[in-house]
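Please load the structure below in your viewer and keep a selection tool to hand.

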Amino acid sequence: MIRVLLVDDEALVRAGLRMILEPAEGIEVVAEASDGSAAITAAAQHRPDVVLMDVRMAGMDGLTALKELRRAGDAPKVIMLTTFDLDDYVHTALRNGASGFLLKDTSPRDLAGAVRTVAEGSAMLTPKVTKRLIDTFAGLASEGATEARQRLSVLTDREGEVVRAVARGLSNAEIARELAMGEGTVKAHVSRALAKLGLSNRVQMALLVRDAGMT
């Protein structure tokens, strides 16, 4: 079972998320929290696999709580909830290890699917949504481009092709079709690239590629 912690300062939102996730196969909502501080306590107590957390909350906000959660050993994956007009926090949250973002109008099916996907450690959320977030917040920083290219230089040619495809928002299946390789091989390339680059997820990988100006 995938253990999920729900974090939102609105009880109605938490109730709605619970109603969607509890009937989903393989998912168990183990706890709720009303702000970031309570989320940190609940995560330590219940050891969730995935934390579904609002970005902006009364009390400790989601960005601050994300930093604290990511410092812990065996940290849970964190999906941030946001509205599509997007918070100023989004880019920083991605840089700090958020596993993805969900819009608050995400369909029930996509919500459960995103939780499963993040728990598996592959794609963070719908690739096109990820790409739109990256396009909005990850403009090329010329002063960091050289450093980013140096970091990416450790990759093999094939790993580089896969990483650039990830930065374009393609899923593993789409990359497999485009590069004529098995989906399992794509997943292996992504895992190796993450390890070589010292990154924790695909969004961070895509941001690095964009900083390097290599998309």
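The stops below cover a sheet, a helix that lies across it, and a second helix with its surroundings.

Note before starting that this is a predicted model.

**The sheet.** Select the five strands that form an open sheet in the order β2-β1-β3-β4-β5. Their pairing is parallel. Strands of a sheet pair through backbone hydrogen bonds. The edges are held by β2, residues 27-33, and β5, residues 100-103. Each of these has a single partner strand, so one of its sides is left without a neighbour in the sheet. Looking from one strand to the next, expect a twist that averages 25 degrees.

**One pairing in detail.** Now select β1, residues 2-7, together with β2: the two are joined in the parallel sense by six bridges. For a single example, pick V7 and its bridge partner in β2, A33.

**Across the sheet.** Next select α1, residues 11-21. This helix lies across β1, β2, β3 (50-54) and β4 (77-82). Against β2, α1 runs at about 170 degrees.

**Helix α9.** Move to residues 172-179, which make up α9. Which residues of α9 are buried? They are N172, I175, A176 and L179. These residues span an arc of only 100 degrees around the axis, and therefore sit on the same side of α9. An α-helix has 3.6 residues a turn, so residues three or four places apart point the same way.

To see what covers the buried residues of α9, add its surroundings, including α8 (157-167), α10 (183-197) and α11 (202-211). Finish at A180, just after α9, where phi is positive at about 55 degrees.

Note on methods: Residues are numbered from 1 along each chain as its sequence is written. This is a predicted model: local features need pLDDT of at least 70, side-chain atom pairs count only at pLDDT 80 or more; totals for chains, interfaces and linings use all residues. Side-chain values use heavy atoms; hydrogens and water are left out. Two strands pair if DSSP finds at least two bridges between them. Helices (H or I, at least four residues) and strands (E, at least two) are DSSP runs, numbered from the N terminus. Axes are lines fitted to C-alpha atoms, for helices over the stretch in contact, and angles run from 0 to 180 degrees between N-to-C directions. Contact means heavy atoms within 4.5 Å. Buried means under 20% relative accessible area, exposed over 50%, partly exposed in between (1.4 Å probe, protein chains only). The arc is that of the directions from the helix axis to the C-beta atoms.
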